[in-house]
Protein chains: 2
Amino acid sequence: MNGRERFLAACNRQPVDRPPVWVMRQAGRYLPEYMEVRAKHDFLEVCRSPELVTEVTMQPLRRFNLDAAIIFSDILVVPEAMGQQVTYPKGGPRLTPTIRQASDLERLKECEPEKDLAYVGDALRLMRQTMGEDRALLGFAGAPYTLATYMVEGGGSRHQEQTKRLALGDPELMDELLERLADGVARFLKLQIEAGADAVQIFDTWAGDLSPTDFERLALKPARRVTAQLADLGVPIIYFMNGIAAHLEAAADSGATALGIDWRLDLAEARRRTGGKLALQGNLDPLVLSGPTAIIRERVRAIHDSLDGAPGHIFNLGHGVLPTTPIEGVAAFVDAVVELAK
Amino acid sequence: MNGRERFLAACNRQPVDRPPVWVMRQAGRYLPEYMEVRAKHDFLEVCRSPELVTEVTMQPLRRFNLDAAIIFSDILVVPEAMGQQVTYPKGGPRLTPTIRQASDLERLKECEPEKDLAYVGDALRLMRQTMGEDRALLGFAGAPYTLATYMVEGGGSRHQEQTKRLALGDPELMDELLERLADGVARFLKLQIEAGADAVQIFDTWAGDLSPTDFERLALKPARRVTAQLADLGVPIIYFMNGIAAHLEAAADSGATALGIDWRLDLAEARRRTGGKLALQGNLDPLVLSGPTAIIRERVRAIHDSLDGAPGHIFNLGHGVLPTTPIEGVAAFVDAVVELAK
């Protein structure tokens, strides 16, 4: 069973020799070879060059026994394709002009991935050529709600104040923004699937900070609008949010094949609460990779054992690997999962 | 039924005419009269002066029909009483020297509230004199784990990286720090109860970001060590953490009388999962107070109705009121709860 078969089998809750493993943000700042590339090329330059994307996406595959690669890119390529200006100064991304009223939304264009985001398709094709056929290749996009928070706030934010205000004060405008985002994201994910992605992940990073009422309307409904447009393609869709515990049952209705579970929630409890009706991905605390190897192995084993052999587990961290993570910690994590086969 | 009776009855899951209401951080930066005090006195000066504490603690009581006041103070008075230097530059508190190894811990002294934190007791006594007997007065402290994160990181932090590293790499040291904190916090809360606090809240703000395994060891065990030392006093204890959904059943075993529920988790679900065995406090999204009045009223009513008359609900936000909150939003929230009596 190669990595690609293992990954796809787990997504479809079929038997595997061991759980497949990959790491969110596995191509990134904890790798010196990535920092070397970034010393010569800025972030956007890397994202837009299929060659550089392929290089940094390959980097973790050279070091670790991973079953899947995720194409190196950024969720903010969608707002950019809709006409916002996106820059990456120190301190986090900046999006201008912010979306606060109807006229701001009117100025945005539709996201036309085949025109504006063709470079992501090119990168996926080159990456597949380079990596071969024996590991899975994932595409991804930001979820409508999470993208909307960046577009409304003008960047990252702690409380999504302006977004929630807009959603309460001008619900029609927010709904229109979310619908346009959902349709753009769906087209973008289709493009990635057509370019060879074996599966796609939808990152709804901020959705976990919504109340149940707002989650249903602002996150889940638009996410369903995305998954509905991909359902015919037969490709696994992983829906990830940070802080899923309060919204687990609702998220299980997102139309996704698998749910990403962050480290706060016990994975066996997540399985019990979702009744095994979809695959689960996760969920080691990324900080554990900064601890002793023995503890990394112990925690991997504990997560695995807690599932008691139930099918449909994709091993991963509960959130992206942190830039301060020692490479040995990532290696110990991947090795510990690989050894579960024995 | 006055506010104090209503508040205590709800804590003890007895019948009330309507849920009692107070607001986390109700004395704070959204109030111009608070900003006026702060223009003349820095934060620590306010905390240390019983007169100034009483003035700012009284401010929201003058404006809103609240059932309880919480004494104005800061969770970091405990690390300071243990010998760390605590300052409040722009960008958040700074604690030095940080606790990273055994010798750092050895340099700390025991927290002796009767000596080092007597001013908090004085403030509670003056506040009671000033506010009268008809509303509840709450004391509070940071929980051991949350205090430990500040002491180890040297301030606030997004991922509690150093704290989690220390907990994995030197568990004995972390356990000793947590035990010393628990005993200091317990003594401090006792002092506040003896000074007239009707109830105390333990803020474990960061505990929600732990995995279940780490939550049990790092947050719950020390929190139980606190509550065990207060059990004989017969005063309600509210245990609050931000992001409780993943840890609800565990937190219900903290020995607290009531659990603070943040806005992410459906309150009726929280009640179902805790079996009505303790009171629940919360849980409107603080950002809703920035929305239209009609929505504030609608959401208050929805939370109330979802509980279907079950006893043991203290109305509050799901987290502290934000500095950008309009005063009218806070007024609309409190009024909406008060009107539930009709």
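**View 1. How chain B maps onto chain A in this predicted model.** Spin chain B by 180 degrees, with 0.0 Å of shift along the axis, and it superposes on chain A with an RMSD of 0.0 Å. The two copies are thus related as by a two-fold rotation axis. Looking for a landmark in chain B? The C-alpha nearest the axis belongs to Ala245(B), 2.7 Å from it.

**View 2. Where the two chains touch.** Here 26 residues of chain B are in contact with 26 residues of chain A. On the chain B side, the most comes from helix α10 (residues 161–169), which puts in 5 residues. By type, the residues on that side of chain B split into 11 nonpolar, 8 polar and 7 charged. Of the interface residues of chain B, 100% are also interface residues in chain A, so the copies meet through the same surface.

**View 3. Helices α9 and α10 of chain B, crossing.** This one zooms in on α10(B) together with helix α9 (residues 144–153) of chain B; their axes come within 8 Å and cross at roughly 100 degrees. Anything from 65 to 115 degrees counts as roughly perpendicular, and α9(B) and α10(B) therefore fit that description. From α9(B), the contact uses Ala148(B), Thr149(B), Val152(B) and Glu153(B). From α10(B), Gln162(B), Thr163(B) and Leu166(B) join in. Sorted by type, the residues of this contact are 3 nonpolar, 3 polar and 1 charged.

**View 4. The sheet of chain A.** Over in chain A, 7 strands line up as an open sheet with parallel pairing, in the order β1-β4-β5-β6-β7-β8-β9. The edges are β1 (68–70) and β9 (313–317) of chain A, each pairing on one side only. From one strand to the next, the twist averages 25 degrees.

**View 5. The β1 end of the sheet, with a helix packed on it.** A closer look at the pairing of β1(A) with strand β4 (residues 136–142) of chain A shows a parallel match over 3 bridges. To find your bearings, look for Ile70(A), which stands opposite Leu138(A) in β4(A). Helix α8 (residues 118–131) of chain A packs on the sheet and touches both β1 and β4 of chain A. The direction of α8(A) makes about 155 degrees with that of β4(A).

**View 6. Another helix over β4 of chain A.** Helix α11 (residues 171–194) of chain A lies across β4 and β5 (199–203) of chain A. Relative to β4(A), α11(A) runs at about 165 degrees.

Technical notes. Residues numbered from 1 in each chain as written. Chains lettered and ligands numbered in written order. Predicted model: local features only at pLDDT ≥ 70, side-chain atom pairs only at ≥ 80, totals over all residues. Contact = placed C-beta atoms within 7 Å. Helix = DSSP H or I, 4+ residues; strand = E, 2+ residues; numbered from the N terminus. Nonpolar A, V, L, I, M, F, W, Y, C, P; charged D, E, K, R; others polar. Axes fitted to C-alpha atoms, helices over the stretch in contact; angles between N-to-C directions. Parallel < 35°, antiparallel > 145°, perpendicular 65-115°, else oblique. Least-squares fit on C-alpha atoms with pLDDT ≥ 70 in both. Pairing = 2+ DSSP bridges.
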